[in-house]
Amino acid sequence: LEQLAGAVADLLHTDLAAVWTTLPGVQALVPSAWVGFPDDYIGPMQVPFGTGSAGRAVAERRIVLVEDIE
């Protein structure tokens, strides 16, 4: 998964990328691999289903387009 995160970062020409997965019994996305983020920052994160763009995409089982993050 770390190689995947690195490949995505390269493909998108960015220094940051993360692979999020789910755990059995946990209704949230958890980071499984990442590049460019400090371990103590992203490691403990959880994105509850329905929260934010990624959590909403999982809850609604569809692509959620974010056009402006400012």
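Does Ser 53 count as buried, exposed or partly exposed? Here are some notes on this predicted model, starting with that residue.

1. **Ser 53 and its surroundings.** Ser 53 has a relative accessibility of 34%, so it counts as partly exposed; the cut-offs behind that label are under 20% for buried and over 50% for exposed. You will find Ser 53 in helix H3, which covers residues 52-60. If neighbours within four places in sequence are left aside, Ser 53 is in contact with Val 64 and Val 66. For Val 64, the separation along the chain is 11 residues, while the C-alpha atoms of Ser 53 and Val 64 are 6.0 Å apart.

2. **The sheet.** Next, have a look at the strands. An open sheet is formed by 3 strands, in the order S1-S2-S3, with antiparallel pairing. Its edge strands are S1 and S3 (47-48), each of which pairs on one side only. As general background, strands of a sheet pair through backbone hydrogen bonds, in either a parallel or an antiparallel way.

3. **The S1-S2 hairpin.** Strands S1 and S2 (residues 26-35) are joined in the antiparallel sense by 7 bridges. Two of the bridge partnerships are easy to look up: Thr 21 has Val 30 in S2 as its partner, and Leu 23 has Val 26 in S2. Together S1 and S2 make a hairpin with 2 residues between them. Gly 25 sits in the turn and has a positive phi of about 80°.

4. **A helix across the strands.** Helix H1, made of residues 2-11, lies across S1 and S2. Relative to S2, helix H1 runs at about 70°.

5. **The largest pocket.** What is the volume of the largest pocket? The value is about 150 Å³. Its lining consists of Ala 17, Ala 18, Trp 20, Phe 37, Tyr 41, Ile 42 and Met 45. The elements giving two or more residues to this lining are strand S1 (17-23) and helix H2 (39-42). Strand S1 provides the largest share, with 3 residues.

6. **Character of the lining.** How do the residues lining the largest pocket divide into nonpolar, polar and charged? There are 7 nonpolar residues, with no polar and no charged ones. Trp 20 and Met 45 are among the lining residues to pick out when you view this pocket.

7. **Where S1 turns up.** Strand S1 is a useful landmark for a first visit. Strand S1 is an edge strand of the sheet, pairs with S2, has helix H1 lying across it and contributes 3 residues to the lining of the largest pocket.

Definitions and conventions: Residues are numbered from 1 along each chain as its sequence is written. This is a predicted model: local features need pLDDT of at least 70, side-chain atom pairs count only at pLDDT 80 or more; totals for chains, interfaces and linings use all residues. Side-chain values use heavy atoms; hydrogens and water are left out. On a 1 Å grid over the protein atoms alone, a cavity is a set of points where a 1.4 Å probe fits but cannot get out, and a pocket is an open set with protein on both sides within 12 Å along at least five of seven lines; lining residues have an atom within 4 Å of a point. Grid points are joined across faces, edges and corners, and a volume is the space filled by probe spheres set on the points. Helices (H or I, at least four residues) and strands (E, at least two) are DSSP runs, numbered from the N terminus. Ala, Val, Leu, Ile, Met, Phe, Trp, Tyr, Cys and Pro count as nonpolar, Asp, Glu, Lys and Arg as charged, and the others, Gly among them, as polar. Buried means under 20% relative accessible area, exposed over 50%, partly exposed in between (1.4 Å probe, protein chains only). Contact means heavy atoms within 4.5 Å. Two strands pair if DSSP finds at least two bridges between them. Axes are lines fitted to C-alpha atoms, for helices over the stretch in contact, and angles run from 0 to 180 degrees between N-to-C directions.
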